[in-house]
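I opened this model to go through its strands and helices and how they pack. My notes follow in the order I looked things up.

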Amino acid sequence: MTADDLKHLIASGLACEHIALEGDGRHWYATIVSSEFEGKRAIQRHQRVYATLGTKMHTDEVHALSMKTFTPAEWAAQPSNG
């Protein structure tokens, strides 16, 4: 799986304003910004992202996905993004 493949999977199941991915094809690190995260706790946000991957996590196409999730307001408040 390439970064573009993974980005497309996430973006097709979740309205995202920003997705940044780093990884080696199996282990991924993602930064995801979505208004759908409003009012959700971190675990709920992560579950929402995992839902976009469907069986990819179960079949080991994506072995590991670490993520930071932000609402647009939280993202704008980040020192490197504001």
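I began with a residue pair across two strands: Ile19 sits opposite Ile32 of β2. This is a predicted model. I then looked up the strands themselves and found β1 at residues 18-23 and β2 at residues 27-33, antiparallel and joined by six bridges. I noted that the two strands make a hairpin, with three residues between them. In that turn I checked Gly25, whose phi is positive, about 105°.

Next I followed Ile32 to the other neighbour, and there Ile32 faces Thr69 in β3. I traced the chain from β2 through α2 to β3 and recorded a right-handed β-α-β crossover. I looked up a second pair between these strands, and His27 stands opposite Ala64 in β3. The pairing of β2 with β3 is parallel and extends over seven bridges.

I then put the strands together. The sheet is open, has three strands in the order β1-β2-β3, and its pairing is mixed. I entered β1 and β3 (64-70) as the edge strands, since each of them pairs on one side only. For the twist I noted an average turn of 15° between neighbouring strands, ignoring direction.

I turned to what lies on the sheet. Helix α1 packs on it and touches β1, β2 and β3. I wrote down the direction of α1 as making about 145° with that of β1. Helix α2 lies across β2 and β3, and I noted that α2 runs at about 130° to β3.

My last entries concern the two helices against each other. Which angle do the axes of α1 and α2 make where they cross? I found that α1 (residues 3-13) and α2 (residues 42-53) cross at roughly 110°, with their axes coming within 8 Å. Angles of 65 to 115 degrees count as roughly perpendicular, and α1 and α2 are therefore roughly perpendicular to each other. I recorded the crossing of α1 past α2 as right-handed.

I listed the residues that meet there. From α1 they are Leu6, Leu9, Ile10 and Gly13, and from α2 they are Arg48, Val49, Thr52 and Leu53. I sorted the residues of this contact into five nonpolar, two polar and one charged.

Notes:
Residues numbered from 1 in each chain as written. Predicted model: local features only at pLDDT ≥ 70, side-chain atom pairs only at ≥ 80, totals over all residues. Heavy atoms only, no water. Pairing = 2+ DSSP bridges. Helix = DSSP H or I, 4+ residues; strand = E, 2+ residues; numbered from the N terminus. Axes fitted to C-alpha atoms, helices over the stretch in contact; angles between N-to-C directions. Parallel < 35°, antiparallel > 145°, perpendicular 65-115°, else oblique. Left-handed = near helix turned anticlockwise from the far one by under 90°. Contact = heavy atoms within 4.5 Å. Nonpolar A, V, L, I, M, F, W, Y, C, P; charged D, E, K, R; others polar. Right-handed = clockwise from strand over helix to strand, strands pointing away.
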